[in-house]
Structures are given as C-alpha cells and as structure tokens.
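Reader: I'm new to protein models and a bit lost. Could you walk me through one, feature by feature?

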Amino acid sequence: MSKAVSQDLGTQPIGKLLIKQAVPASIGILVMSLNILVDTIFVGNWIGPNAIAAINVVLPVSFFIAALGMAIGIGGSSIISRALGADNREKALTTFGNQITLTLLLTVSLVIPGLLFVDSIIPAFGGKGAIFEPAKIYYVIVLYGIPFLALCMMGNTVIRAEGKPKFAMYAMMIPSVGNLLLDYIFIKILGYGMHGAAWATTGSYILCLAFIFWFFLSKNSELKITDCFYKLKLPIVKEISSLGLVTLARQAVVSVTYLLMNNILFDFGGETSVTAYAIVGRMIMFALFPVYGITQGFLPIAGFNYGAEKYKRVRETIMTAIKYGIALACIVFALLMLFPEAITSLFTTDSEVLEKTPPAMRWVFAVTPIIGIQLIGAAYFQAIGKAKPALLLTLLRQGIFFIPLIFILPKFYGELGVWMSFPISDVIATLVTVYFLHREVKLNLLPKEID
C-alpha cells in the first residue's frame, strides 16, 4: 500500500473516508447479493421450487469451507491494517504470504472428506425427500470450486486492507456477473438443469480468482511477496487464527443454523417451508447489503487508526458507522415491510410458497433498524485485534440466543415460533453489544484520546 493511501486512512475526515471505503464495498456486496438473488430466481423459474430448497441445503456446507478463506482473510487483514498503520511493512508481507498457505492447506483438506461423505452430509442439512437428488448434484460440483472461492474471499479482504476498495469491489462483481451469464447459457440455452447451475457457480469462482491473481501481480498492489513469506510463522498463524476464528465461528453458526432450520421447518411444513426459508435467507443476504458495506468499510479505518494510536478518530469512526448503518437499515426495513408479497413472487409461482413466505419475511426483518449496531460493535473488536469480545458478540445473534429460541418457541407457537426467534434474538444481542461497546469506549478509548 502506498504511503499516500495509508495516510488517507489516518488523516481524511471520517465521514468522507467511510463513504469512500463503504460505497465500493456496498456495491460489491450488492452485486454479489443480486447474483445470489437472481440466481435463485433463475433456478426457481427454470428448474423448480425444489431446486431453490436444494441450493439452500448445500450453501451452509460449501460456505463453511469457503469461510475458512474469509476467516483467514479478515484475521490477517486486521493484522495488515494495524501493521501498515504502525509502518511495519515486513509483518504485513509475512501475514499475506501465510494467509495464502493457510487457505490452500485448510480448504483442500476439508473438501476431500466433504466429497467422500456426501450421502450423509446432505440429509443431515435437510436435503430429504424430493430435495436430495438435486442437492447432491449441486453439492458435488460446487465443492470442486470451493478452494477457488476461499482464495477469492481471502484475497478480497487483503485488497481492502491495502486501501483499494474499488478493486475489492471489482473482485466481488466479476464472479457475480459471470455466474448469471453462465446460468443463462447452461440452464436456459443448454438445458443442463442443476448441473448447469452448479457449473455456473464453480466457473464464477474461477473467474474471480483469475482477477485477484492478476491484481497482486500488477502494479496496483504493494504487497509483493517472495517465497520466504509463504513459509508459516507460528506467531503470525496464531494471530491470524485467533482473529479469524471470529469469522469462522460466525459462519459455523450460520451453517448450524441452516442445518437446524431446514430440519425443523421440514418437519413443520415439508419442502414448502424449507423453500420459504431459502427465499427469506436470500433476502437477508441481499437487503442488508448497505449495512454490510458500512461494516466492511469500517474495518480498515478502525484498524489503521487504532494501530496508529489515533483513538479519537477510532471513536469517531464507531459513531459515524453506527449512524450510517441505522439510517440505511431503516430504509431497508420500510421496503421489506411494505412489499414482501411482490418480492416473493419474483422467486416462484407456487401458491403455497407465495402464501407462507411474506409473513415469515416480516417477522425475520421486524427489528432491522438496530442490526447495524450489533454488526459494527462486533466488527470493532475484530478490527483492533481483541478476539475474545469479537467472538462473543459475533456468536450472540445467531448462536447463543437464536438457536435455543428455535427449539423453545415452536413448542408454544408452532412454525410461527421459528420466525419469531429472529427479532427476539436480534434485540437481545444488540443490547449486549451496546453494553460491551460503551464499556470499551469509556475504558480504553477516552482515557487514551490523543491526536
């Protein structure tokens, strides 16, 4: 990262800087989310509603393995941002080299057993009845591309840590656009069905990695590494692991949640309820893209300024990010509350799914305006290298509170209890996050506030 770019993170006005970092991240997430959304629409209309449920079964398994790359990327990028803020270039380079090695070793070692035990894994994640066969087809092909996806996710976070948000945005847009084009060719024109959907997804991962590979070889990147940086260094690996564990734990909880939700909903309403959850899940990924973009833009700014000991700027970054996040979440909330029927009709014409999905969507997004507080709070501790509170706050929403609720509430309210669990867990998790974040600012930022 050039000196000018690094100085921007420590000198530009926070509001302007956050927009500069968050807008490309938001656009990238938007395009990626649109890809998932439109891909689901294509699959639902061109193959059938069971195909939507099949993909929903496969996603938690494939994304968990790929999330190793994201975990290594975010954990390492936190180190890189703080190292560059402290002008420690060698540590930044060593961290990047170790990230590449770790990503390849871990993802390949998990893909192999994932392929060997496919017939056991798919039913465990809710791929039962008519869902099993299309889920198996999709799973096997997509798993071949997971190491490529993991390297993409890792590389993307490093690009952002370098202070190059536009290139990170391009890295997210290329596979999304590529997937939709390949979907049209393989499914609509060639009629390959689930095979076509799967190969379109895997092909998009390869396109993404090709772009990221080009970026790090080009003059646009300052992280030029040699063979010596690929060798694993225990202190670096430990630091990457402790911070990356936060992201990995988040994805692990998401995967477990999908497993539990698919099975619980299948017991209540069969394939129809699983499909409804798949549609709602796509909207969670898509609708919250601006809030996720703020979170992504927040990370390098907070990490750099904390490393540079500019604590007043860190505090300002937290407050500005939360303010922007709440404002954007309110807009998302209004749209989802007003138009859930129209949104559902984009995915399918199945009457049962059209009836069941809109009320579920309203419950799931009932307290969307406060989501940004929880996301920024957890991201802050990760950005400054405090793994334990980051891990706790990350697990609160979908793990510590949500999972017990989806077992307790359905005993009293049936399937409605499953959907009620979303807003209740969000409220409790946000309250706990506010407590931790307020204490952190009071104890560790205000006493050290210098410029």
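**Starting from the core**

Reader: Which residues touch the most other members of the largest nonpolar core?

Author: Bear in mind that this is a predicted model. The general idea first: in soluble globular proteins, nonpolar side chains tend to be buried together. Here, the largest nonpolar core holds 68 residues, and Ile146, Met261, Met283 and Phe365 touch the most other members. Helix H10 (residues 234-287) gives this core its largest share, 15 residues.

Reader: Let me pick Phe365. What is it in contact with, leaving aside neighbours within four places in sequence?

Author: Try finding these in the viewer: Phe365 is in contact with Val280, Met283, Ile284 and Ala287, and also with Phe333, Leu336 and Met337, once neighbours within four places are left aside.

Reader: OK, now the whole chain. How many helices and strands are there?

Author: Count 18 helices and 0 strands. The radius of gyration is 21 Å, close to the 22 Å from the globule rule for 451 residues, so the chain is as compact as a globular protein of that length. Along its principal axes, the C-alpha trace spans about 60 × 45 × 35 Å. As for burial, 60% of the 451 residues count as buried.

Reader: How do I read contacts along the sequence?

Author: Look at how many positions lie between the partners. Among contacts in the chain with a separation of 6 or more, 82% are between residues 24 or more positions apart. For one example, take Leu346, in helix H13 (residues 340-347). Its C-alpha atom is 9.1 Å from that of Val38, although the two residues are 308 apart along the chain. Leaving aside neighbours within four places in sequence, Leu346 is in contact with Ile41 and Asn45.

Reader: And empty space inside? How many cavities of 30 Å³ or more are there?

Author: A cavity is a space where a 1.4 Å probe fits but cannot get out. There are 3 cavities of 30 Å³ or more. The second largest has about 150 Å³ of space. Its lining has 13 residues, and the closest to the centre are Ile74, Ser77, Ser78, Leu299 and Pro300.

Reader: Which elements give two or more residues to that lining?

Author: For the second largest cavity, they are helix H3 (49-85), helix H7 (146-161), helix H11 (289-307) and helix H15 (371-383).

Reader: How many of its lining residues are nonpolar, polar or charged?

Author: The lining of the second largest cavity has 5 nonpolar, 7 polar and 1 charged residues.

Methods
Residues are numbered from 1 along each chain as its sequence is written. This is a predicted model: local features need pLDDT of at least 70, side-chain atom pairs count only at pLDDT 80 or more; totals for chains, interfaces and linings use all residues. Side-chain values use heavy atoms; hydrogens and water are left out. On a 1 Å grid over the protein atoms alone, a cavity is a set of points where a 1.4 Å probe fits but cannot get out, and a pocket is an open set with protein on both sides within 12 Å along at least five of seven lines; lining residues have an atom within 4 Å of a point. Grid points are joined across faces, edges and corners, and a volume is the space filled by probe spheres set on the points. Helices (H or I, at least four residues) and strands (E, at least two) are DSSP runs, numbered from the N terminus. Ala, Val, Leu, Ile, Met, Phe, Trp, Tyr, Cys and Pro count as nonpolar, Asp, Glu, Lys and Arg as charged, and the others, Gly among them, as polar. A nonpolar core is a set of buried Ala, Val, Leu, Ile, Met, Phe, Trp, Tyr and Cys residues joined through side-chain atoms within 4.5 Å. Buried means under 20% relative accessible area, exposed over 50%, partly exposed in between (1.4 Å probe, protein chains only). Contact means heavy atoms within 4.5 Å. The radius of gyration is taken over C-alpha atoms; the globule rule is 2.2 Å times the number of residues to the power 0.38.
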